[in-house]
Amino acid sequence: MSIWPSADKLSSSAYASTQLDAIQLWTGNCCEYSMMPKLVSLAEKLTSSSELDHNWQTAISVTLGYRDSFIAYTMWSTMHHSHSTVCLQTEQASSSCFIASCKQSKNDGSNGMCSISTTRRYRRLAATHCPDAASAFAFSFHPPGFGAERSSRFGSVRRGAGPRPDGCDSELRPRAQAVGTAMAAPCWRTVLAVLEVVSTACWAGSAVFPWDGVRLPKHVVPLHYHLVIHPNLSTLTFTGSVAIDVAVTQATRAVVLHSKRLNVTGAAVEAGAGSSCAVRAVKVLEMQPREQLALLAAEPLCAGHRYTVTIQYAAKLSDTFHGFYKSTYRTQEGEVRVLASTHFEPTSARMAFPCFDEPAFKATFSVKIRRDPNHLALSNMPLVKSVNIASWLVEDHFDTSVKMSTYLVAFIISDFKSISKVSSHGVKISVYTVPEKINQAHYALDAAVKLLDFYEDYFSIPYPLPKQDLAAIPDFQSGAMENWGLTTYRESALLYDPEKSSASSRLWITMIIAHELAHQWFGNLVTMEWWNDLWLNEGFAKFMELLSVNVTHPELRVEDYFLKRCFDAMESDALNSSHPVSTPMEDPAQILEMFDDISYEKGACILNMLREYLTADVFKAGLVQYLQKYSYQNTKNEDLWDSLTNICPTVGTEKCELLGDGFCRRNQQSSSSAHWTKETLDVKAMMDTWTLQKGFPLVTVTVRGKNVHVAQEHYRKGVDSPSPTENGYLWQIPLTYITSKSNTVERFLMRTKTDVIILPEEVEWIKFNVDMSGYYIVHYEDDGWDRLINLLRENHTMISSNDRASLINNIFQLVRIKKLSISKAFDLTLYMKWETQIMPILQGMNELVPIYKLMERRDMDDTEKHLKDYIVNLLKDLIDKQFWSDEGSVSERILRQSLLLFACVRRYQPCVDKAEEYFSKWQKSNGTVRLPADVKTAVYAVGAQTSEGWDFLLNKYQHHSFSVDKDKIASALSLTRNKDKLQWLMDEALRGDIIKTQDFPFIIVSVARNPSGYHLAWTFLRENWEKLVEKFELGSPSIAGIVTGVTNQYSTRPQLAQVKEFFSSLEEKSAQLRCIQQAIETIEDNIQWMDRNFEEIKTWLQKNHP
Ligand SMILES: [Zn+2]
């Protein structure tokens, strides 16, 4: 009964006060009244139509009312003849009839139940549709006081009036009675009419959508897709047809699947071969807000049978970076060429073809692509044959794929060139790029061959496809995508020029390829059941980068950079707006939000911690078992934990030795390295504490003689407002530590709030979380920190460089939650004068640079300058030692690049002089003189400071075909202090002509970091929000990066107010984005931080760096 408004809500006074246009309609002259006979006859025709079966008729209901005397009428199949009587009464009784509204469900998603917004609109629709018996109507009336909540309940119950997926009408009758009873209340003084007439010919317009879930029903399961795609690169459109073989597990009248922005031109459901059922004509309904299509058959599809669902459609190539989208590039001759490529993860396959677009609906795919003879088509599988359909049209047939999720399907139509090699396991590996860049593809090809071979060996599962293509797409939003057999990349994530590329791009490219190839197993072969466990894909791929590149490219020393991931993850995980690694969600924007540091970086960090805990062998055996057991299937968190637990019932048992096939036997070596002997392994219990609760623990260590007291609590920024659930937080922490007396890593599994570890002897110092391989931070009580600071000052190489980096990180995190003073943290940084290793240096810069950035935003010139001076002075010796060349190991080169850029941007004179010298030489030669790759960023940054230099760089940018260099130039251009130029950069990047739109997020964040640009960036974000969301998708990492990147150095209350005001003015879906909560929390934290620490920093600097 709650579906209908109570009588008091329908009193005339309530009506009188309403704003609804519908009121004008029914109190007006009722010109629409003339429509009534036509509607009546239409209803009459429909209800007696032989085409309609019982259930269809029940969807037809008519309720009419009059001022002062009202008649409610609901028509059912058994009583439809009286319908005309009602209408005749209508005609006689009143001159002010009322028909509330008419709007196609397609346009507003209200399931055919909607109120019209204006009278004018109603009249137009009525004029268009009412005389036409083949049209469809859904009239409803939303009475005043009918708030959003009730209104939506109203809608959802009303949906029951349509044919249900299972063909059942049991809920229909009670509804009808309810309506009838309510309407019969004699006290109503108003006229109310609800008329719902549905015609068979135009079901699509307004029939009731048969499904009200965001997730698809599970009783129609796709088995195989036959897909034909025909893009037209001139008109930027495409047509397609898909035939999906489905299995029906439960009788149903409706096939519900996904479709977004596809114009369906035809559809049918046919019974599978051998079945006695005839071909079914279907009606197509669309539910745009949920991106769903329903194909309604006149009779139920039978359980246990197979059918083929065919749909023909047409669409535009997307102008974004997802779905089936357009990409362009300019040749050296200046010609603009167009290609079309796909990016489907997570929910955009539905933009290219109607499909069951959820990861658990795995199926096989046969793809056919029609193209111009001068183009090349690629898809997941190898080409089987090409058929000439016409002299101007070729149809490429690709082999049938393995069973996989829709988000992994891919195709590209382009003029790309390729190079290939065959891996030692016989897989053909090719790299595709635009023709002019093919000479930059060799590094990626070699890396891919090595990495694919590594994975086949490591996982003991062959790569199941005959080929692996890696394609560099000129327009690409993220870094890369793991489509099975056809991985796609941003150009700068794949193309490498040994002469021009910097060491950091070599590291980055290798890791990205390692990531996408790891996905061919983690993600493609075994896929998460639903996006809530996205981390099973992404955390693993991130973690495997470390494992594989370590073996295939040891010279990159990739393990050095791993801890940075954990620091990054902790940065957002420390906020209240964080979420558990595994988080329930349904909506596409929420799904996109899962592609964040928590799924990727935290996922990788907790896996690394688990590997440490289980030992490398056990961990590997567990993974292999997991991948083998769940191949071509979908998994949840616990499936992984089960696989890892069942490897060895208890660690340390002699019987427990591991073999490649997943059997369990422990060998001598790993037995001796297992330090958890007395623990019974309950991997699930331990890992649940890391994946099902957000945040991470702070472990506080207090040393009393030989006793080490440890206590854990939830580390959280802004602890002034602890959450009510706070006390429930408890982790199982695999603690590791070394001491002044022993550098053997000791282990202790902490499972309670507090515990005590007893050392064999008293120690000078103790360092927990060795090499930062655990996902927690540590506070040393009493003089614990002083002892460690002393150690760093006196003999910092006693502990590893990762340990030093982790101390730098942890001490600043403790200042944030008021456990330590900022002076203590600055005291620690003094040792950096002697530091030479990349990670402690970069971490020191990561902590110190943002502090003066905050000051820049508050115009605290003197202290800001003083602080910059202190940092430069700290690193001066190391900066002075740098060669301006490309020699040295990868980490030396990456350190050089960072240090020189830092020094030059902070105007350290020796650096600036040198950079100016290089720049003018380069400029005089018109860019032909070769600059060492690793010093380019510094040289460009200095060059861009003059107007002339800036223009010269821009000119080079426009004519450069080498994307990595373009990124460096763009970064330098954004360092100018000229506001017009900064504004121009953002405008151009969004326009996408000279600067590609894919680079916009990078440009706006760079401008925001520039002291001259942060106002501009914020204004730009506000003014162009709609466009940005349209282009980059609500919830995407790009949007999140823009929001947090533009605001994360704000530290004043007016800035906070502005940010809050703008985002709260947005429509609900935008305003609720997690990145906005993060931005607000971060600014609040910055404000508090500055209020608390500014004066102290000033004093500390005066004392220690006069
Ligand atoms: Zn990934």
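A residue is called buried here when its relative accessible area is under 20%, exposed when that area is over 50%, and partly exposed in between, with a 1.4 Å probe and protein chains only. With that in mind, let me start with helix H18 (residues 637-645), where the buried residues are Asn637, Asp639, Leu640, Trp641, Ser643, Leu644 and Thr645, that is, 7 of its 9 residues. Helices (H or I, at least four residues) and strands (E, at least two) are DSSP runs, numbered from the N terminus.

Before going further, I should say that this is a predicted model, in which local features need pLDDT of at least 70 and side-chain atom pairs count only at pLDDT 80 or more, while totals for chains, interfaces and linings use all residues. Residues are numbered from 1 along each chain as its sequence is written, and side-chain values use heavy atoms, with hydrogens and water left out.

The buried residues of H18 pack against H13, helix H16 (597-614), helix H17 (616-629), strand E23 (633-635) and helix H20 (683-691), where contact means heavy atoms within 4.5 Å. For the protein chain as a whole, 62% of the 1106 residues count as buried, and the chain holds 38 helices and 30 strands.

H13 brings us to the zinc ion, whose protein donors are His515 (NE2), His519 (NE2), Glu538 (OE) and Glu538 (OE), at 2.0 to 2.8 Å from the ion. Donors are N, O and S atoms within 2.8 Å of the metal (3.2 Å for Na, K and Ca), and since water is not among the atoms, sites may look incomplete. Along the chain, these donors follow the spacing H-x3-H-x18-E. His515 belongs to helix H12 (residues 503-519) and Glu538 to helix H13 (residues 534-552), so this pair ties together parts that are 23 residues apart in sequence. Both His515 and Glu538 are buried.

H12 also leads to an open sheet of 5 strands, which has mixed pairing and the order E17-E18-E19-E21-E20; two strands pair if DSSP finds at least two bridges between them. Its edge strands, each pairing on one side only, are E17 (417-422) and E20 (480-481). E17 runs antiparallel to strand E18 (residues 428-433), with 6 bridges joining the two, and Ile419 has Val431 in E18 as its bridge partner. H12 packs on this sheet by touching E19, E20 and strand E21 (486-490), and its direction makes about 150° with that of E21. Helix H11 (residues 442-459), for its part, lies across E17, E18 and strand E19 (467-473), running at about 150° to E18. For these angles, axes are lines fitted to C-alpha atoms, for helices over the stretch in contact, and angles run from 0 to 180 degrees between N-to-C directions.

Elsewhere, strand E3 (residues 220-232) pairs with strand E4 (residues 237-248) in the antiparallel sense over 12 bridges, with Pro231 opposite Phe238 in E4. The hairpin of E3 and E4 has 4 residues between the strands, and Leu236 takes a positive phi near 60° there. E4 pairs in turn with strand E9 (residues 306-316), again antiparallel, over 11 bridges, and in E9 the bridge partner of Phe238 is Ala315.

Finally, helix H27 (residues 909-924) packs with helix H28 (residues 936-943) at an angle of about 85°, their axes being 8 Å apart. The residues making this contact include Phe919 and Trp922 of H27 and Val939 and Tyr940 of H28.
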